[in-house]
Amino acid sequence: MEFVVEEDKHLDKDCSTLIMPALSIGNVGQLAMDLLVSTMKPERVGYLDTPFVLPCVGNDAYVPVPQGQLALPLEVYESPANGVTLIQQRSPVVKGMMIEFAKNLAEFAAASGKTHVIVLSSLDFGRWQKIDMSSGSQVHYLSNTKKDGKDDHCEKIGWKILEEYNPDQRRWKYLSDIAEGSSVHVDDLSFEDEQENDEDYYPSLPFAALYSCFKEKGLKVTCLLCYCSEGDNIPDAFNLAEAACKLLGLSPNNLNNYADGKWLIPFSWGTLYGPAPDMSIF
């Protein structure tokens with residue numbers, strides 16, 4: 001993986017926190033990143049070039065009248081005012097290459113001086129076994145602060161740990177071993193096919209590979225997760241974007257162009273679900 005820096009730009013050493021999505025159901029992580037980029041108005045400093053992500057190209061997603069600046073699969077933005085680097089991923093990882101992709105990203109994060117990585121992702125609502133809506137819309141988390149995945153700060157905020165996480169479960173152990181570079185037998189483990197067993201489902205997702213590889217590099221990792229179904233996932237995106245800000249202690253006054261507590265909706269969302277239906281048919 002190569003970081004291609006744009007002309008006259010560079011990575012800011014003060015941006016020690018990296019926020020990025022992990023692709024999953026509903027693309028909630030990517031939508032949350034859209035909100036963060038649109039609202040913070042960070043500067044695009046470059047992009048990551050890797051054979052492990054499918055190629056794609058599009059027009060600028062964050063301006064009302066695109067000026068021809070191409071949107072690429074892995075864009076890198078920085079907001080020095082908020083101390084964060086943001087990566088937006090616009091296309092999926094090549095099948096079978098998720099672990100290599102995660103290793104490469106971890107190497108980039110470590111080499112560029114990041115100390116904390118926040119991964120935003122979603123989980124299949126159909127897999128949620130212990131549903132408790134007493135606290136309203138919930139955010140679940142997974143951290144490497146403690147061996148059991150718990151984090152005192154996240155607990156104080158009121159989030160719930162991903163209870164299904166078990167570092168001794170065979171697939172989590174497998175991810176940990178390969179992140180460390182250990183020689184392991186793959187046997188019949190397939191991490192990119194949906195697993196029938198619920199305990200196998202979570203470590204089969206992209207966020208789990210990212211978590212394991214960032215952890216192996218000695219970085220602090222916090223995965224912010226929400227359960228959802230396919231459909232209109234915009235509310236879930238707001239939920240994760242707000243959670244990322246809360247984790248970092250960012251208030252409406254901290255974010256650029258964040259006026260009166262309102263997020264700036266990306267212009268690309270105007271066609272997110274296609275044109276409105278012709279009301280004359282009703």
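In this predicted model, strands E4 and E5 run antiparallel and are joined by six bridges. One of these pairings is easy to look up: Val76 has Ile87 in E5 as its bridge partner. Between the two strands lie four residues, and together E4 and E5 make a hairpin. Have a look at Gly83 in the turn, where phi is positive, at about 70°.

Now turn to the other partner of E4. Strand E3 is joined to E4 by four bridges, and this pair is antiparallel too. Here you can find Arg44 standing opposite Tyr77 of E4.

Is E4 itself enclosed or open? Six of its six residues are buried, so the strand is largely enclosed by the rest of the structure. In a regular strand, side chains alternate between the two faces of the sheet. You can follow that along E4: Leu74, Val76 and Glu78 point one way, while Glu75, Tyr77 and Ser79 point the other way, and all are buried.

Let's move on to helix H2, which covers residues 98–111. At 1.5 Å a residue, its 14 residues should span 20 Å, and the C-alpha atoms at its ends are indeed 20 Å apart, so the two values agree. Several residues of H2 are buried, among them Met98, Phe101, Leu105 and Phe108. An α-helix has 3.6 residues a turn, so residues three or four places apart point the same way.

What covers the buried residues of H2? The cover includes the strands you have just met, E3, E4 and E5, along with strands E1 and E2 and helix H6. After H2 comes Gly113, with a positive phi near 80°.

Methods: Residues numbered from 1 in each chain as written. Heavy atoms only, no water. Expected span 1.5 Å × (residues − 1). Buried < 20%, exposed > 50% of the residue type's maximum accessible area, 1.4 Å probe, protein only. Contact = heavy atoms within 4.5 Å. Pairing = 2+ DSSP bridges.
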